[in-house]
There are 2 protein chains.
Amino acid sequence: MTAQILDGRDNAKTMRAEINEAVAAFKENTGITPTIAVVRAGEDPGSVWYANAIKKTMAGRGMDAQLHVLPETASEEEIVTLVAALNADPGIHGIMIQEPLPKGIDEAAVKGALSPSKDVDGVHEVNAGRLALAAPVGRPPGVGAFFVPATPAGGMELMRRHGIEFSGKNAVIIGRSPIVGKPMALLLMRENATVSVCHSRTRDLPGVCREADILCVAVGRAEMVKGDWIKPGAVVIDFGVNDVEGKMVGDVAYDEAAQVAGMITPVPGGTGPMTNIMLCLNLLEAARQQAG
Amino acid sequence: MTAQILDGRDNAKTMRAEINEAVAAFKENTGITPTIAVVRAGEDPGSVWYANAIKKTMAGRGMDAQLHVLPETASEEEIVTLVAALNADPGIHGIMIQEPLPKGIDEAAVKGALSPSKDVDGVHEVNAGRLALAAPVGRPPGVGAFFVPATPAGGMELMRRHGIEFSGKNAVIIGRSPIVGKPMALLLMRENATVSVCHSRTRDLPGVCREADILCVAVGRAEMVKGDWIKPGAVVIDFGVNDVEGKMVGDVAYDEAAQVAGMITPVPGGTGPMTNIMLCLNLLEAARQQAG
C-alpha cells in the first residue's frame, strides 16, 4: 500500500482562494481591513523571517500586518505597554507576540497582557482554558468564543478536508507541548476521538502507536517514528520540522511510513502550509467579532 | 488478590489535622482567618446541603465560610454584581459559585466574573488555561499560580499519599468533563503518565481499560466498569456517585473490581472525602497568596 498524501500546499491554495473571497466581502461590507500586529523584541533571525512571511501572507489575502519591533534591550514593562496600546487600538484586530523574547522577560506576563479577543495565535491562558473547558463538538454552551493555536488547528482542518472522521477513532499524539500536542489532544477529544497523549516517558511507544487510527507527531526528533510503528491504513499527521544536514525532515520516517499508512502528511508541504492559513482565518474571525 | 483500599476517609482525617495546624499557624502569623464566600441563587436542595457542609468543614479547620444567597429570580447582573463585590472584599479569600444557577443565567459569564485568584473551585477559564498550559511536574516556568478543581486534585493526592508513582504509567480516564475527567488527564500528564481519555464513543472500552495501570472513572453510570475490565494489580480511582435504590454506589462494580485491582477507592469513602479537603487546601493557599 502507498499512502494518500495529505497535501498541505494544495489544500492551502484552495483555502487561500476561499479566504481572499471572504476577506473581500468583509471589507466591502464593513470598510475594515483585518490587521494583525506582530510584536518582536530584538532581531532573532527566525523571528525576522517569520514576521516577513506573515506580512506577505496577509498582503496576499487582502489583509494587513504591522510589524512592531522593540530593541533587544526592551524591558518587560515596555513590551507590555506596547501590547496594551495595541489591545486598545481599534485598527488592530489580532496580535502575535514573537518568541523568543529577550532573556529575563516573563513570557507569561507578556502573553497575559494580550486581549484574549485579539489573541489570534491562541497563546493566552483564557483561550487555552476555553478550549480545555469546551464540550464535545461545536462551540459549547457556557464557554465563550476562543482562538486555537494555528498549527494543531491546521492539522485538524487538513484532516477534515480529506473526509477523515474522528468519532470513535483511536488517536495517539506524541508530544504534549502547550502549542501543538495538548491543544491537538483537546481538539480531537471534542470530536469524540479516544485520545492518548504520549511522550518521552511512555513505555512501549511503538506498541501504543500501532493502535492508532490517527497518529499525530509533534516532538521535534527527526524521523523518530518508524514505518513499523504504524497501523496499516492509519492517518499520520507529522508536525515535525527538523533540519538534517540542510534538509527539512519531519518526526516521521516518511518513506517507510508511506508504505504502511493510509494517509500521511509530507514534510515539507503537509502541516506547515496549513499553519499560516489558520492564522489568516483566525485574524478574519477576530475582525468579524470586533466588527460585531 | 484483594485490593488495598485507598481509604479517603482515613486520609482526609490525617489531612484535616495537618490543615488545622497550618491554618492555626497562618492565623497566628497574619491575624487573618481564611474565608470562603459561597454564592447561590435559589434553594436547590443539593446546593443548600453542600453549602452547609462547606460551612461545617471550614469551621472545623478554623476557617470561615459565608453564605450569600440570592433569590431564584436573581438576574445575571445581580449575581455578577455580588461576585464583583466579593472579588473586591479583602476579607474574602475564596469564592465558590454553586450550580445549578437559575435558568437563563449564562454560567460562563458568572464564572468569568470571578477573580481567578479567588477561584478556589478551579472553574475560571484562566485557571483551566494555566493547568492546560502547565509544563510537566511542578509549577511551570512561564505560567502563573492556579487552582485545580478539588475532585481530581483529591484523587491525585490520595494516590500520592499511597506512594503511587505516575511517571511512565499507563493512565486511562473514562469521562471528559471539564471538572473531573479533563483536569485529571492534564494532572496525570504533568506527572509524566501516558494518558488516554475515553468516553461513550470509545471502541472496545473494556479492552482499553485492561491496559491501564491507573484507571480513573468519572462517568456517572452505576457500576459500569466490571471486574474483567481491570488489569490485575491496577490502581482504580472511582469518582462516581450514583444513587441505586437509596444506596450510594460508584461507577465501578466494586466487589468484582476489588478482586482484581491492586488498589481501589471505595464509594462512599474514597474520592468523596478528599474533595472537601482539597477545597480547604485551596482556600488556605488563596489566603496565603493574598496575604503576600
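Helices and strands on this tour are DSSP runs, numbered from the N terminus. With that settled, select A:Arg221, which sits in the loop between strand 7 (214–217) and strand 8 (235–238) of chain A. The model you have open is predicted.

**Stop 1: around A:Arg221**

Is A:Arg221 buried or exposed? A residue counts as buried from 20 other C-beta atoms within 10 Å and as exposed at 12 or fewer. A:Arg221 has 14 within 10 Å, so it falls in between, as partly exposed. Now add A:Asn242 to the selection. In sequence A:Asn242 and A:Arg221 are 21 residues apart, while their C-alpha atoms are separated by 6.9 Å in space.

**Stop 2: the same loop in the other chain**

Switch to chain B and pick B:Glu223, in the loop between strand 7 (214–217) and strand 8 (235–238) of that chain. Look at the backbone here: B:Glu223 is not a glycine, yet its phi is positive, about 50°. B:Glu223 is partly exposed, with 19 C-beta neighbours inside 10 Å.

**Stop 3: helix 7 of chain B and what follows**

Next, select residues 181–190 of chain B, which form helix 7. Of its 10 residues, 9 are buried, so the helix is largely enclosed by the rest of the structure. Among the buried residues are B:Lys182, B:Pro183, B:Leu186 and B:Met189.

Step just past the end of helix 7 of chain B to reach B:Asn192. This residue belongs to the loop between helix 7 and strand 6 of chain B. Its phi is near 70°, a positive value in a residue other than glycine. B:Asn192 is partly exposed, with 19 other C-beta atoms within 10 Å.

**Stop 4: where the chains meet**

Show both chains together. How many residues of chain A are in contact with chain B? There are 28, and they touch 29 residues of chain B. Colour helix 4 (107–112), helix 5 (125–133), helix 7 (181–190) and strand 6 (194–198) of chain A, since each supplies at least two residues to the side that touches chain B. Helix 5 of chain A gives the most, with 7 residues. If you colour this side of chain A by class, you will find 12 nonpolar, 9 polar and 7 charged residues.

Zoom in on strand 6 in each chain. Strand 6 of chain A and strand 6 (residues 194–198) of chain B run antiparallel and are joined by 3 bridges. One place to look is A:Val197, which stands opposite B:Val195.

Now pull back to see how the copies are arranged. Superposing chain A on chain B takes a rotation of 180° with 0.0 Å of shift along its axis, at an RMSD of 0.0 Å. That is the relation of a two-fold axis. The copies meet through the same surface, because 100% of the interface residues of chain A are also interface residues in chain B.

**Stop 5: the three-stranded sheets**

Hide chain B for a moment and find the open sheet of 3 strands in chain A, ordered 3-2-4 with parallel pairing. Strand 3 (64–70) and strand 4 (94–97) of chain A are at the edges; each has a single partner strand, so one side of each lacks a neighbour in the sheet. From one strand to the next, the twist averages 20°. Strand 2 (residues 35–41) of chain A pairs with strand 3 of chain A over 7 bridges, in the parallel sense. To see one bridge, select A:Ile36 and its partner A:Ala65.

Bring chain B back, where an open sheet of 3 strands also has the order 3-2-4 and parallel pairing. Here, follow strand 2 (residues 35–41) of chain B to strand 4 of chain B, its parallel partner over 4 bridges. B:Ile36 stands opposite B:Gly94 in strand 4 of chain B.

**Stop 6: two cis peptide bonds**

In chain A, select A:Glu99 and A:Pro100: the peptide bond joining them is cis, with omega near 5°. A:Pro100 is in the loop between strand 4 and helix 4 of chain A. In chain B, go to B:Val267 and B:Pro268, where the peptide bond is cis with omega near 0°. The loop holding B:Pro268 lies between strand 11 (263–264) and helix 10 (271–291) of chain B.

**Last stop: the domains of chain A**

Finish by colouring chain A by its domain assignment: domain 1 covers 30–115 and domain 2 covers 150–273. Taken over C-alpha atoms, the centres of these domains are separated by 30 Å.

Conventions:
Residues numbered from 1 in each chain as written. Chains lettered and ligands numbered in written order. Predicted model: local features only at pLDDT ≥ 70, side-chain atom pairs only at ≥ 80, totals over all residues. Contact = placed C-beta atoms within 7 Å. Nonpolar A, V, L, I, M, F, W, Y, C, P; charged D, E, K, R; others polar. Pairing = 2+ DSSP bridges. Domains from an automatic or database assignment. Axes fitted to C-alpha atoms, helices over the stretch in contact; angles between N-to-C directions. Least-squares fit on C-alpha atoms with pLDDT ≥ 70 in both.
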